Amino acid sequence: PGGYEVRALEGPVGWGSRRRLRTFQARDVVLAAGVLGTTRLLLRLRASADGLPSLSPAVGRQVRTNSEVLLGVITRRRDRSFAEGVAITSILRLPGGSSVEPVRYSEGSGFFRLLIVPHAPGATAGVRSRAALRRGARDPVGSVRALFVGDHARHSLIMLYMRAAEGMLALDLGRRGRLRTRLADGPPPTAALPEATELAEDIARRVDGYPVSLFTELLFGTPTTAHILGGCVMAESPAHGVIDAQHRVFDYPGLFVVDGSAVSANPGVNPSLTITALAERAVRSWERS
């Protein structure tokens, strides 16, 4: 009474691993599992009579990204290294409210190699595929050298092109309790923007590089985001959001949401500092109360 019961599986994660169920009782619970984790958990709890059935109908709504485009540039020069230093250290502000952040990864971080294809914007999969083939045909040796470079992180630079556009998604539960997305309000996100392509081509010329993008964008035209936000947003009432200005879940005292799912707008830049500031502000308000 007056609190919550939290059930969790304890032990290693993996095929064949055995985990035991632990049960905790707590007066207060803070959810900070990120947009996908927190929103999925609250959607499941709202759907359960034994969970949190009085949760706001706004759970899963007002999901945003930074309307970004992820592009890469792989240099053909082996004397250049982009792997040294902090991952993100600078930002380029552009007219119209957009911005670009260059991102680097430490040597040996080569997972992106499995996802990249020649950058080829276009309205349909056919147009994009033909553009990718033309890019490869114009410079077959350079294409092979770029796509099969030895240390991918050392010779590649990731570009995050971000905008403050107001297009929104919605999340709900599909089969087996998995999250699914659908378009909501505003313009739909796009996998390619002319200004982002122009910037990538310009950077490629400066570093003797080769522009690339993710294969999901080439095949399906589906944009990729590193900055998903919303789903449990802050609002004045449960009709419009899930939490109040102190991150307290409406109608459930002692339950809090403190992560990117609380953000109710698109900042148009990397939101990590915004999320951190909101978390520090929330904790200070609890201390005073």
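This report describes the overall make-up of one protein chain, then its main sheet, an aromatic pair, a surface patch and a loop residue.

**The chain as a whole**

The model is predicted, and its chain holds 289 residues, of which 40% count as buried. Along the principal axes the C-alpha trace spans about 70 × 45 × 40 Å, and the secondary structure comes to 7 helices and 14 strands. Among the contacts in the chain with a separation of 6 or more, 69% are made by residues 24 or more positions apart. The chain exposes about 16,000 Å², and carbon and sulfur atoms supply 56% of that area.

**The six-stranded sheet**

An open sheet of 6 strands runs in the order 6-7-9-5-12-8, and its pairing is antiparallel. Strand 6 (92–93) and strand 8 (116–118) stand at the edges with a single partner strand each, so one side of each has no neighbour in the sheet.

Three of the pairings within this part of the structure can be set side by side, as in the table below.

| Strand pair | Sense | Bridges |
|---|---|---|
| Strand 6 and strand 7 | antiparallel | 2 bridges |
| Strand 7 and strand 9 | antiparallel | 5 bridges |
| Strand 5 and strand 9 | antiparallel | 6 bridges |

Individual residues show how these strands are matched. Leucine 92 stands opposite valine 100 in strand 7, while glutamate 101 has leucine 160 in strand 9 as its bridge partner. Further along the sheet order, valine 69 is bridged to tyrosine 161, which also belongs to strand 9; the strands concerned there are strand 5 (residues 69–75) and strand 9 (residues 156–162).

Strand 6 and strand 7 also form a hairpin, with 5 residues between them, and glycine 96 in the turn has a positive phi of about 90°. Why can strand 7 be called largely enclosed by the rest of the structure? Strand 7 covers residues 99–103, and 4 of its 5 residues are buried, so the rest of the structure largely encloses it.

**An aromatic pair**

The structure holds 2 aromatic pairs. In one of them, the ring centres of phenylalanine 256 and tryptophan 286 are 4.3 Å apart and the ring planes stand at 45°, so the pair is classed as tilted, a term used for planes that are neither under 30 degrees apart nor over 60. Phenylalanine 256 lies in strand 14 (residues 255–257), whereas tryptophan 286 lies in helix 7 (residues 272–288), so the pair ties together parts that are 30 residues apart in sequence. The two partners fall into separate accessibility classes: phenylalanine 256 is buried, with a relative accessible area of 10%, and tryptophan 286 is partly exposed, with a relative accessible area of 24%.

**A nonpolar patch and a loop glycine**

On the surface, Phe215, Leu219 and Phe220 make a nonpolar patch of about 300 Å². One of these residues, leucine 219, is placed in helix 6 (residues 215–220) and is partly exposed, its relative accessible area being 44%.

Glycine 11 is found in the loop between strand 1 (4–10) and strand 2 (20–26). With a relative accessible area of 41%, glycine 11 is likewise partly exposed. How far is the C-alpha atom of glycine 11 from that of tyrosine 105? The two C-alpha atoms are separated by 30 Å, and the residues themselves are 94 residues apart along the chain.

Note on methods: Residues are numbered from 1 along each chain as its sequence is written. This is a predicted model: local features need pLDDT of at least 70, side-chain atom pairs count only at pLDDT 80 or more; totals for chains, interfaces and linings use all residues. Side-chain values use heavy atoms; hydrogens and water are left out. Rings of Phe, Tyr and Trp (its six-membered ring) pair if their centres lie within 6.5 Å; planes under 30 degrees apart count as stacked, over 60 as edge-to-face and the rest as tilted. Helices (H or I, at least four residues) and strands (E, at least two) are DSSP runs, numbered from the N terminus. Buried means under 20% relative accessible area, exposed over 50%, partly exposed in between (1.4 Å probe, protein chains only). Patches are made of residues with over 30% relative accessible area and no salt bridge: like charges are joined within 9 Å, nonpolar side chains (Val, Leu, Ile, Met, Phe, Trp, Tyr) within 5 Å. Accessible areas come from the Shrake-Rupley method with a 1.4 Å probe; for residues, only the protein chains shown count as cover. A salt bridge is a side-chain nitrogen of Lys or Arg within 4 Å of a carboxyl oxygen of Asp or Glu. Two strands pair if DSSP finds at least two bridges between them. Contact means heavy atoms within 4.5 Å.
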